[in-house]
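Thank you all for coming. I would like to walk you through one model today, taking a helix pair to begin with and then the RNA surface.

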Amino acid sequence: MKRTHHCAQLTPSDLHTTVSLAGWVDSVRDHGGIIFVDLRDRQGITQVKFDTNLRAEAALLKAESVIAVTGKVELRPEAMMNKNLPTGQVELDASELVVHNISETPPFPLTDAGGDKVNEDLRLTYRYLDLRRPKMRKNLLTRHRATKAVRDYFDAQEFIEVETPALFKSTPEGAREYLVPSRIHPGEFYALSQSPQQFKQILMVAGVEKYFQIARCFRDEDLRSDRQMEFTQIDVEASFIDREGIYTLFEGMLKKVWQEVLQHDLPTPFPRLAYHDAMNRYGVDKPDTRFALELVDLSDTFKTSGFKVFASTIAAGGCVKAFNAKGLADITQGEIGALEEIAKSLGAKGLAFIKVEAGEWKSPIVKFFSEAEKAALTQKLSIADGDIIFFAAATWDRACAILGRTRLEAAQLLVKRGRMTIRADQWNFLWVVDFPLMSYDEETKRYVATHHPFTAPVPEDTALIDSDPKAVRGQHYDVVLNGMELGGGSIRIHQPALQKKIFEDVLKIPADVVESRFGYMLKAFTYGAPPHGGIAFGLDRMVALLCGTTSIRDVIAFPKTQKAQDLMAQSPTPVTAKQLKDLHIQTVIPPQ
RNA sequence: GGGGUGGUAGCUCAGUUGGUUAGAGCGUCUGCCUGUCACGCAGAAGGUCGCGAGUUCGAGUCUCGUCCAUCCCGCCA
């Protein structure tokens, strides 16, 4: 039996025609003499009626069984039409039934509402059932549409998609890699590509000029709701382009994706925010600008304060920052405690605060403040009744981090109380720019590339590379949406001499190591490397936000758990001794 | 590696101060039912309270360890 229609197709215009449908049994309603089966396929649901000799057979059907049905399309009695169903005016009067497979009872409900509450480990174990849920099916479709829009866009912009190797060489800088032992070269390893960075730059030297790729990337780092061990990047690189060119190009792509997927017109250009300003105002380099609660610097106010904790921090080169969690004065002891724990985990000694209730400032520290200081606070933080002010006194980056995090938690508490709304469909894109090219790593006592070592310095800062490396800004940019870093890129270094200098003189990578790891790149650059730049953008994260979730597991068909396991297929597993022997490797833990 | 939350029936959860035979809703199974669409009605089955120790006359409940899921920190050039 071949199906002639799908399950969202039949309307009164098909009346009295004989059609065949195939799909899954969504539900069975057995009334004894008459049985209704909701038949479901990818497109929708159609009601099938069994009241003939097929009744006995239909009575044996269970939910999620796979059947094919032939019958006549009939109009339902007027009162029996279902307005909630696109096919609700008609039903199929079954004359033939093929049972392809009777299903076991599913271990959890396959509805949107029921399935969302189920423990995720169960959903992952039975992912093929989870993916039958309408919401998950929709997520897969959204991902497809978004990916297609990206390909169409870059194609129209005359970019070409070039595939690059997943099996690359190990470059221990940056993210931890997955190693792949070589059978042919005993004792040697490939690494799964963390990103096509080096290949795409080489493609520029190769004269491709406009490259893009929907690229799978691999990183052996701990997983999060927005991080999987393998993930997909929209990877782009172009020659003869500057930062403004990248901004325009990429804003165009996002505009198209939002148009195609959500029929939403994204306003462009996106606002830009300097890294330093982002940190100062929001305490993070990926601010969520859908709500304010902005940080304020109070170092001037407390420079000579009688409150020694503040004054001495400032004297030692630190700063005092605060923000007003407007209307959160009714915070509970438990909530304050939780905020304090978070602050402490970020290096704070405590989390000072002032509650303002009934015109009175309630706080363990307010007794140390002078009237002038109080007046300054009131003015700078727009303090009113019902507010609570959180303070941090520490080094600049630590104070930013503490309050940046506290700001997000406070926002959640305000949302919980219904005093603030953070809409999932408000799209606050922004470019974060002017990152420092290098930052000093206290652990290894050397400079490390903030982004990656191929980022070009801002031209007017180039002179500072030797004298004051941390003052040099990179031509780097991040795309941020609603507090999530979606991507980043830079204009690259295309002069081999400058690249070599960055590796050896600034990052202090020994010359022989530079030669063995990046020698081929430096060599390529000596054969006419065009100026170029690009961006790498997290497809999974973007699709997640398009789907109204922040967990990329919801938009990846077969994701891993936080412990990096596939609960369905049950990977990873031990391998046989022969496999290990072929690969010339031994495990320290013996195979089981 | 560290911190938080959770783990009780197939699923989602409740379970009081440590005290009799561990409950509910949904689902499942059986029977009845020709107009339901979350069908209805009647009945039934279903439990290693994640696992292991410990305290106690007595542990779902308290303590310690451990496993799993999840959120976060570290980590993610």
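**A helix pair and an RNA surface**

Helices α5 and α17 are oblique to each other, because the angle between them falls outside the other classes (under 35 degrees is roughly parallel, over 145 roughly antiparallel, 65 to 115 roughly perpendicular, and the rest oblique). This is a predicted model, in which local features need pLDDT of at least 70 and side-chain atom pairs count only at pLDDT 80 or more, while totals for chains, interfaces and linings use all residues. Residues are numbered from 1 along each chain as its sequence is written, chains are lettered from A and ligands numbered from 1 in the order in which they are written, and side-chain values use heavy atoms, with hydrogens and water left out.

The angle between α5 (residues 134-156) and α17 (residues 539-546) is about 120 degrees, and their axes lie 10 Å apart. Contact, meaning heavy atoms within 4.5 Å, involves Asn-139, Thr-142, Arg-143, Ala-146 and Thr-147 of α5, together with Leu-539, Asp-540, Met-542, Val-543 and Leu-546 of α17.

Turning to the RNA, which residues come nearest to strand B? Of the 47 residues around RNA strand B (a heavy atom within 4 Å), these are Met-80, Gly-174, Glu-221, Asp-222 and His-451. Sugar and phosphate make up 52% of the RNA strand B atoms that come within 4 Å of the protein.

As for individual atom pairs, a side-chain N or O atom of Gln-47 is 2.7 Å from a base oxygen of RNA strand B, whereas a side-chain N or O atom of Lys-117 is 3.3 Å from a sugar or linking oxygen of RNA strand B.

Note on methods:
Axes are lines fitted to C-alpha atoms, for helices over the stretch in contact, and angles run from 0 to 180 degrees between N-to-C directions. Helices (H or I, at least four residues) and strands (E, at least two) are DSSP runs, numbered from the N terminus. A polar contact is a pair of N or O atoms within 3.5 Å; within protein, one must be able to donate a hydrogen and the other to accept it, and residues adjacent in sequence count only if both atoms are side-chain atoms.
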